[in-house]
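Hello,

Here is the structure I promised to pass on to you. Please have a look at it first, and then read on for my notes.

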Amino acid sequence: MSDIQFVISEQPEELAQAAQLIDGRDDNAHPLDHQVFFDSRAVILAKTFEGEIVGCAAIKAGKGTVGELGYLVVSPHYRRQGIAQGLTQKRIEVAKALGIMILYATIRAENTSSQANLLKAGFQFWRDYLSIRGTGNTVGWYYLALSANVDAEAIMLSLVGDRIQAV
């Protein structure tokens with residue numbers, strides 16, 4: 001992985017290439033809203049030294065001290081090389097610089113690779129909830145407190161709203 005660099009990008013052409021990578025993912029559960037992606041607080045790209053975008057991930061749109069992770073995709077030819085972990089570590093670094101105090105992510109139950117990625121980065125599993133899209137899917141909620149002064153339980157409860165907890 002030493003030939004991969006992790007960079008923040010706001011360049012429209014790079015964001016469009018990253019969106020194409022997301023659109024082409026093999027587990028596309030729902031279509032990407034490109035404008036929402038472009039409005040992310042931070043988009044991190046995994047690039048070869050030749051400039052090829054081989055992965056991307058974001059801290060989704062929002063403000064304040066809570067940040068949601070999303071849009072993590074690695075090109076099939078570059079998987080199993082630690083790129084997803086590098087993208088997650090870079091997002092944690094960027095979140096701290098943005099003053100975010102807690103990061104969270106939601107992951108479908110069958111996405112064991114993403115679950116393992118977050119747990120390896122220090123995230124904690126919180127609870128499973130049913131998808132609000134009416135798919136019947138179970139979605140796991142994960143969080144990482146970036147500050148000791150965070151009431152993770154209260155914040156997570158405020159985020160799930162009226163979702164139904166899976167049993």
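**Tyr 71 and its surroundings**

Tyr 71 has a relative accessibility of 15%, so it counts as buried. Please keep in mind that this is a predicted model. The residue belongs to strand 4, and its phi is near 65°, a positive value in a residue other than glycine. You may want to look at the backbone there when you open the file.

Tyr 71 also turns up among the contacts of Ile 22, a residue of helix 1 (residues 12-23). Not counting residues up to four places away in sequence, Ile 22 touches Leu 32, Phe 37, Cys 56, Tyr 71 and Val 73. Is Ile 22 buried or exposed? With a relative accessibility of 0%, Ile 22 counts as buried. Ser 75 is 53 residues away from Ile 22 along the chain, yet their C-alpha atoms are separated by 9.1 Å.

**The hairpins around strand 3**

Strand 4 covers residues 66-74 and runs antiparallel to strand 3, with four bridges joining the two. Within this pairing, Cys 56 stands opposite Val 73; both of these residues are also touched by Ile 22. Strands 3 and 4 form a hairpin with six residues between them, and Gly 62 in that turn has a positive phi of about 150°.

On its other pairing, strand 3 is joined by six bridges to strand 2 (residues 42-48), again in an antiparallel arrangement. Here Ala 42 stands opposite Ile 59. These two strands form a hairpin as well, with four residues between them, and the turn holds Gly 51, whose phi is positive at about 100°.

How many of the residues of strand 3 are buried? Seven of the seven are, so strand 3 (residues 53-59) is largely enclosed by the rest of the structure.

Strand 2 also contains Thr 48. Its relative accessibility is 3%, so Thr 48 counts as buried. Leaving out residues up to four places away in sequence, Thr 48 touches Asp 3, Ile 4, Gln 5, Val 54 and Tyr 78.

**Beyond strand 4**

Arg 80 sits in the loop between strand 4 and helix 3 (83-97). Like Tyr 71, whose phi is near 65°, Arg 80 has a positive phi, of about 65°, although it is not a glycine. As for accessibility, Arg 80 reaches 82% and therefore counts as exposed, whereas Tyr 71 counts as buried.

Helix 4 (residues 112-120) includes Asn 117, which is buried with a relative accessible area of 7%. Setting aside neighbours within four places in sequence, Asn 117 is in contact with Leu 72, Ala 84, Gln 85 and Thr 88. Lys 120 lies in helix 4 too, but its relative accessibility of 68% makes it count as exposed. From Lys 120 to Gln 89 the C-alpha distance is 10.0 Å, with their positions 31 residues apart in sequence.

**The protein as a whole**

What does the secondary structure come to? There are five helices and seven strands, and from the N terminus on the order is β-α-α-β-β-β-α-β-α-β-β-α.

A compact globule of 167 residues would have a radius of gyration near 15 Å, and the value for this protein is 15 Å, which agrees. Taken along the principal axes, the C-alpha atoms fill a box of roughly 45 × 35 × 30 Å. Of the 167 residues, 43% count as buried. Among contacts with a separation of 6 or more, residues 24 or more positions apart account for 59%.

As for the surface, the protein exposes about 9,000 Å², and carbon and sulfur atoms supply 50% of that area. The side chains include 15 positive and 18 negative ones, and the centres of the two sets lie 4 Å apart.

If you have time for one place in the model, I would suggest starting from Ile 22, which touches Cys 56, Tyr 71 and Val 73, among others.

Best wishes, and happy viewing

Definitions and conventions: Residues numbered from 1 in each chain as written. Predicted model: local features only at pLDDT ≥ 70, side-chain atom pairs only at ≥ 80, totals over all residues. Heavy atoms only, no water. Rg over C-alpha atoms; globule rule 2.2 N^0.38 Å. Buried < 20%, exposed > 50% of the residue type's maximum accessible area, 1.4 Å probe, protein only. Contact = heavy atoms within 4.5 Å. Areas by Shrake-Rupley, 256 points an atom, 1.4 Å probe, with all protein chains shown as cover. Lys, Arg positive; Asp, Glu negative; His and termini not counted. Charge placed at Lys NZ, Arg CZ, Asp CG, Glu CD. Pairing = 2+ DSSP bridges.
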